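Please read the following walk through this model with the sequence and the 3D view side by side. The text starts with one pair of strands and works outward from there.

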Amino acid sequence: MASRVTSLAFAALLLVSGASAVVATQYTVGDTSGWTTGADYTTWASGKKFKVGDTLVFNYAGGAHTVDEVSASDYAACSSSKALSSDSTGTTTVTLKTAGKHYFICGVTGHCSGGMKLVVDVAAAAAPAPAPAAPAPTPTPAADTPDTPDAPDTTPATKTPSTPSSSGETTKTPAATDVTPRAKSSTSDATGLRAAAWAVLSLAGLVVMF
Ligand SMILES: [Cu+2]
């Protein structure tokens with residue numbers, strides 16, 4: 001019982017840890033450098049696995065820069081005139097809501113061409129979803145494992161009574177066949193027994209006589 005509670009608690013922990021793995025990741029753009037000129041955001045983004053639901057946090061001095069999400073062509077042209085969104089509050093948090101590439105530039109003249117541009121390739125959330133699904137089955141078998149031993153226990157238990165009954169029948173059968181040879185042997189042995197009985201009786205008679 002205690003072990004079952006422990007395994008259930010462990011399964012719950014696995015589920016929680018699996019769920020936490022799905023939780024969106026928050027990325028601080030440029031890390032400690034923040035959103036500024038002279039940083040290399042291509043290098044910063046390389047190797048990172050962005051997924052739908054993740055957030056980008058741009059840190060900069062309010063009003064000194066902007067965070068403009070733009071199209072691919074505007075990203076290439078460093079044009080923010082048709083920005084999809086723009087913010088200059090100093091702390092811009094962008095949630096990556098759709099899969100595919102997202103383009104961000106600074107709208108301040110010269111900053112984008114100077115390197116203040118970021119592209120992130122966002123993977124669909126469906127890809128990380130199987131990962132939590134995988135840990136989920138793992139606790140399920142774990143919970144089943146204690147149940148499985150229980151089931152075999154009851155199964156053999158029911159089989160055990162049936163086995164002796166059938167074996168009892170089989171033992172009865174040989175016993176019946178044994179009876180037949182015994183009957184045959186008893187008739188043949190009967191003469192021997194009678195002879196022995198007569199010998200004993202005669203011996204007893206001899207003892208009595210003396
Ligand atoms: Cu700027």
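Strands β4 and β5 pair in the antiparallel sense, over three bridges. One point at which to find this pairing is V67, which stands opposite D87 in β5. The model is a predicted one, and every value below is computed from it.

Strand β4 covers residues 67-70 and is also joined to β7, again by three bridges and again antiparallel. Here E69 can serve as the marker, with F104 as its bridge partner in β7. Both pairings belong to an open sheet of five strands, in the order β2-β8-β7-β4-β5, with mixed pairing. Its edge strands are β2 (50-51) and β5 (85-87), each of which pairs on one side only. As general background, strands of a sheet pair through backbone hydrogen bonds, and they do this either parallel or antiparallel.

The side chains of β4 are worth following one by one. V67 and E69 point one way from the strand, D68 and V70 point the other way, and all of them are buried. What makes V70 count as buried? The cut-off is 20 or more other C-beta atoms within 10 Å, and V70 is buried because it has 25. This residue of strand β4 touches Y75, S79, S80, A83, L84, Y103 and I105, leaving aside residues up to four places away in sequence. V70 also lies 7.4 Å from S85, C-alpha to C-alpha, with their positions 15 residues apart in the sequence.

V108 gives a second view of this region. It is found in the loop between β7 (100-105) and β8 (117-123). Is V108 buried, exposed or partly exposed? V108 has 17 C-beta neighbours inside 10 Å, so it counts as partly exposed. Apart from residues up to four places away in sequence, V108 touches H65 and T66. The C-alpha atom of V108 is separated by 9.5 Å from that of V67, although the two residues are 41 apart along the chain.

The model has another open sheet, made of three strands in the order β1-β3-β6, and its pairing is mixed. The edge strands in this case are β1 (26-28) and β6 (91-95), each pairing on one side only. From one strand to the next, the twist averages 20°.

Strand β3 has a partner on either side. β1 and β3 pair in the parallel sense over three bridges, while five bridges join β3 (residues 55-59) to β6 in the antiparallel sense. L56 is a convenient residue for tracing both pairings: it is the bridge partner of Y27, and its own bridge partner in β6 is V94. Further along β3, N59 stands opposite T91 in β6.

Which side chains of β3 are buried, and which are not? The side chains alternate along the strand: L56 and F58 point to one face and are buried, whereas T55, V57 and N59 point to the other face and are not.

L56 and F58 appear again in the largest nonpolar core, which has 17 residues. The residues with the most contacts inside this core are V29, W35, L56, F58, I105 and L118. Strands β3, β4, β7 and β8 each supply at least two residues of the core. To follow the contacts of one core member, select V29: it touches W35, Y41, W44, L56, V57, F58 and L118, again leaving aside residues up to four places away in sequence.

The whole chain can now be put around these details. Its secondary structure comes to five helices and eight strands. Read from the N terminus on, the elements run α-β-α-β-β-β-α-β-β-β-β-α-α. Of the 210 residues in the protein chain, 14% count as buried. Among contacts between residues at least 6 apart in sequence, 74% join residues at least 24 apart.

Technical notes: Residues numbered from 1 in each chain as written. Predicted model: local features only at pLDDT ≥ 70, side-chain atom pairs only at ≥ 80, totals over all residues. Pairing = 2+ DSSP bridges. Helix = DSSP H or I, 4+ residues; strand = E, 2+ residues; numbered from the N terminus. Axes fitted to C-alpha atoms, helices over the stretch in contact; angles between N-to-C directions. Buried ≥ 20, exposed ≤ 12 C-beta atoms within 10 Å, placed from the backbone. Contact = placed C-beta atoms within 7 Å. Core = buried A, V, L, I, M, F, W, Y, C linked by C-beta atoms within 7 Å.
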